[in-house]
2 protein chains.
Amino acid sequence: MKAEIIAVGSELLLGQITNTNAQFISARLAEIGVDVYYHTVIGDNPERLVDAIKIAEQRADVLLFTGGLGPTKDDLTKEAIARHLGIELDYDDAAIEHITDYFERQGRVMTPNNKKQALVFKNSTVLKNYTGMAPGMAYTNDENTYILMPGPPHEMKPMFEKEVIPYLLNLDERQEVIVSRVLNCFGIGEAELESRIESILETQTNPTVAPLASPKGVTLRLTAKATSVEEAFAHIAPVEADIRALIGEYIFGIDDETLFSKAVDLLQTSQLTIAAAESLTGGQFMSQLASITGASAVFGGGMVVYSIDQKVKQLGLNREALEQHGVVSEYCAAQMADAVRRQFASDIGIGLTGAAGPDSHDGQPAGTVWIGISYKGESHTYRLQLSGMRNTNRMRTTNFAYHYLIQLLESEKLSSKDI
Amino acid sequence: MKAEIIAVGSELLLGQITNTNAQFISARLAEIGVDVYYHTVIGDNPERLVDAIKIAEQRADVLLFTGGLGPTKDDLTKEAIARHLGIELDYDDAAIEHITDYFERQGRVMTPNNKKQALVFKNSTVLKNYTGMAPGMAYTNDENTYILMPGPPHEMKPMFEKEVIPYLLNLDERQEVIVSRVLNCFGIGEAELESRIESILETQTNPTVAPLASPKGVTLRLTAKATSVEEAFAHIAPVEADIRALIGEYIFGIDDETLFSKAVDLLQTSQLTIAAAESLTGGQFMSQLASITGASAVFGGGMVVYSIDQKVKQLGLNREALEQHGVVSEYCAAQMADAVRRQFASDIGIGLTGAAGPDSHDGQPAGTVWIGISYKGESHTYRLQLSGMRNTNRMRTTNFAYHYLIQLLESEKLSSKDI
């Protein structure tokens with residue numbers, strides 16, 4: 001079953017709102033095995049709407065419309081489609097009652113244009129609106145299925161879940177399911193990742209394997225079709241194992257896991273606490289810890305020591321030694337990590353120092369970064385040479401610090417019980 | 001001039017990401033007087049891409065493509081368009097150099113598939129990528145203009161602003177200039193702002209006045225057309241004055257100014273230094289200071305004191321008093337602000353404490369926040385009752401802290417010289 005999603009609304013073409021409906025509907029259709037080949041957005045113009053419908057009828061089985069079912073003059077989706085298909089509109093009694101109730105509950109008088117919302121295609125399936133007034137409708141003829149839904153996402157989503165999905169599953173005789181599993185990677189570029197797993201990317205069809213790059217790293221989405229969820233995951237498992245054999249060291253989590261949630265999970269499991277002393281990142285590493293619900297179990301606090309004066313004053317670092325090594329140095333990162341670990345009585349200390357840019361800092365070129373991790377008297381240090389803008393470099397420093405922390409926690413199987 | 005925006009990427013049709021690019025491009029095209037009649041989204045499939053192009057060529061003058069310029073196998077936009085138009089691809093020397101530099105700066109080895117990104121249409125205008133590797137390109141034949149841009153929004157947006165807009169304005173023979181001035185507001189909702197300046201919104205045509213809400217606040221974009229930049233700004237000036245007369249207290253900056261850059265500017269001008277003690281925000285307030293180039297002139301460091309133990313140990317707060325007032329209290333925020341100001345020998349201290357959620361914290365419901373600002377022995381405190389998710393509440397707390405700081409700096413004309 002092939003689908004096209006058609007959003008109707010001039011506000012979309014003027015850039016006033018984003019078409020989030022198309023994303024929501026696409027994701028849910030993928031899960032039930034309906035292929036979406038096109039999204040189309042058109043304005044509140046009946047001629048262009050009909051032109052778009054004629055194109056969509058040639059390339060899709062199911063046409064899903066959002067928008068244009070409301071009471072105002074520019075809501076014309078159902079009228080245009082009815083005229084195009086040569087079918088009549090008729091008042092739906094349940095919808096009239098629903099709209100009348102809606103106004104009565106608010107103590108407002110119903111204006112005549114609101115009754116227009118209760119008009120539906122004759123012989124169509126009326127789709128209930130759980131969170132608004134205008135009903136949707138579903139209509140199937142010999143060639144195509146037409147699904148009309150309201151535009152506001154909070155009205156469309158419940159209608160889609162409770163009314164449209166059952167309607168589509170009932171149409172579809174295959175009863176196929178689609179499941180996805182996302183492998184989240186860090187520390188490897190998209191191109192290099194792809195060349196490492198090239199043989200898998202080229203041969204795999206079920207599951208399909210799709211890489212996607214974002215500032216947070218690269219994800220690999222494995223998507224399988226089958227007649228049951230269990231069977232679909234059984235298709236995924238051996239391919240995931242093959243991928244892990246090739247690039248396992250870069251995969252830090254699955255599905256919704258982030259570098260930050262993974263680190264907090266590992267710290268919680270190992271019953272370890274953490275503190276950070278941040279210079280170029282200015283508190284970003286710690287803010288990401290605090291973004292995770294439950295972080296307080298592993299995180300009590302830390303320091304931002306932006307100036308050399310505060311590095312000396314707050315953490316007790318040796319000014320002469322700092323001046324000798326420079327503040328953008330392995331020495332400084334290691335000292336910051338160790339000092340903050342002690343001062344906050346934590347198991348692990350993180351030190352972050354570097355030249356964020358745009359200018360060089362303390363003799364080191366922009367993008368030079370040192371990360372220190374202190375644990376059990378051992379000092380682990382990492383050097384980065386970044387090439388982005390100031391705040392990209394700061395974000396990448398934070399991400400890399402989590403990446404190295406996760407690798408350390410996983411490889412050494414650190415545990416507070418060892419102490 | 002009529003335009004169609006064509007996004008290429010299976011991740012859009014699978015619902016993994018939203019087509020925010022289409023919104024951004026649409027809004028900017030509206031400002032320069034280009035009508036957008038259609039958005040189309042297609043997957044990484046060359047045949048369907050060419051089918052969509054053939055349709056778009058019939059109904060639009062300018063076809064703007066996003067996505068599919070990257071190094072991987074499923075990046076096929078330019079190859080498909082080149083084949084369709086019968087034009088050749090050639091390596092662009094500047095782009096090869098740009099990509100090679102990119103890898104060298106990171107100390108990574110360039111894989112062959114990355115060089116593919118430097119292939120551009122022969123005889124096209126190459127569009128520089130300011131924040132990534134793959135260049136864009138613009139090509140005009142007798143019937144249509146084709147603009148190809150990368151998919152990641154942080155790459156597409158600077159390219160669109162700096163390369164595509166001038167290209168389109170140059171195509172257009174009207175030789176009209178369009179200038180925009182953005183008024184950045186905070187502390188007022190979009191609906192209230194709209195009702196306060198309703199008369200202006202309803203009557204203004206040159207400049208147009210467009211409100212846009214985002215998590216960072218509300219912006220008002222004033223866009224004027226004229227035959228010269230000076231004339232266009234002369235249209236804007238009186239309307240801006242009218243708007244400022246109505247809602248001036250909520251306008252903190254113009255164009256690219258953020259709450260953060262504005263605060264750093266004011267601190268620099270007043271020669272004041274700042275330190276912060278953060279609990280629920282976990283370092284986010286300070287990280288935003290550090291995001292601004294030149295922050296080191298006003299910011300030496302600060303504390304994250306997430307647990308009550310660290311509030312007592314690091315800042316010397318009184319445990320009994322904290323237990324009596326609770327950590328989510330006016331008392332705690334004021335004490336944190338004062339203690340961190342002293343400890344970091346700063347002019348101004350900020351204290352941030354609250355219940356980020358999802359759970360209540362120390363007896364206070366999620367969303368309860370106290371902000372303290374300490375200056376010259378005076379304590380200013382502010383209470384927020386937020387209703388968002390955990391990280392929305394944390395971000396809004398940071399934004400409100402900057403908002404109150406700016407109001408204080410502007411209203412009291414604080415100056416270190418007064419001390």
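**Salt bridges, cores and the contact between chains A and B**

Let me begin with a single side chain, A:Lys122, which at 37% relative accessibility counts as partly exposed. I should say at once that what we are looking at is a predicted model, so please hear every value as a computed one.

A:Lys122 forms a salt bridge with A:Glu88, and the closest N and O atoms of the two are 3.3 Å apart. Both partners sit in loops of chain A, with A:Glu88 between helix H4 (77-85) and strand S4 (89-91), and A:Lys122 between strand S5 (119-121) and strand S6 (125-127), so that this pair, 34 residues apart, links distant parts of the chain.

How many salt bridges does a search of the whole structure find? Over all chains there are 23, and I would like to show you two others from that set. In chain A, A:Glu4 pairs with A:Arg59, with the closest N and O atoms at 2.8 Å, and this salt bridge ties strand S1 (residues 2-8) to helix H3 (residues 46-59), across 55 residues of sequence. A:Glu4 counts as buried because its relative accessibility is 1%, and A:Arg59, at 16%, counts as buried as well.

In chain B, the pair is B:Glu161 and B:Arg28, whose closest N and O atoms are 2.8 Å apart. Here helix H7 (residues 153-171) provides B:Glu161 and helix H2 (residues 20-31) provides B:Arg28, and the two residues are 133 apart in sequence. B:Glu161 is partly exposed, because its relative accessibility is 31%, whereas B:Arg28, at 12%, counts as buried. Back in chain A, salt bridges with shared partners join A:Arg181, A:Glu240 and A:Arg244 into one network.

Now to the interface, where chain B and chain A bury about 5,600 Å² between them, with 52% of that area on carbon and sulfur atoms. The contact takes 72 residues from chain B and 69 from chain A. Although the count of salt bridges between the two chains is 0, the interface does hold 33 residue pairs in polar contact. On the chain B side, strand S2 (residues 35-42) gives the largest share, 7 residues, and that side as a whole divides into 29 nonpolar, 32 polar and 11 charged residues.

One residue worth finding on your screens is B:Gln343, in helix H15 (residues 330-343) of chain B. Which side chain does that of B:Gln343 meet in a polar contact? The partner is the side chain of A:Gln314, at 3.0 Å. Beyond its sequence neighbours within four places, B:Gln343 is in contact with A:Lys313 and A:Gln314 from chain A, and with B:Met303, B:Gln314 and B:Leu315 from chain B. B:Gln343 counts as partly exposed because its relative accessibility is 21%, and the lower limit for that class is 20%.

Finally, the nonpolar cores. The largest has 82 residues, and those with the most contacts inside it are Phe285, Ile348 and Ile371 of both chain A and chain B. A second, separate core of 34 residues includes A:Ala339, A:Trp370, B:Val305 and B:Trp370. In soluble globular proteins, nonpolar side chains do tend to be buried together. Looking at B:Phe285 itself, and setting aside residues up to four places away in sequence, the residues it touches include B:Ile274, B:Ile350, B:Leu352 and B:Leu405, and also B:Glu278 and B:Thr398.

Definitions and conventions:
Residues numbered from 1 in each chain as written. Chains lettered and ligands numbered in written order. Predicted model: local features only at pLDDT ≥ 70, side-chain atom pairs only at ≥ 80, totals over all residues. Heavy atoms only, no water. Core = buried A, V, L, I, M, F, W, Y, C linked by side-chain atoms within 4.5 Å. Buried < 20%, exposed > 50% of the residue type's maximum accessible area, 1.4 Å probe, protein only. Contact = heavy atoms within 4.5 Å. Buried area = accessible area lost by both parts, 1.4 Å probe. Salt bridge = Lys/Arg side-chain N within 4 Å of Asp/Glu carboxyl O. Polar contact = N/O pair within 3.5 Å; in protein donor to acceptor, adjacent residues only side chain to side chain. Helix = DSSP H or I, 4+ residues; strand = E, 2+ residues; numbered from the N terminus. Nonpolar A, V, L, I, M, F, W, Y, C, P; charged D, E, K, R; others polar.
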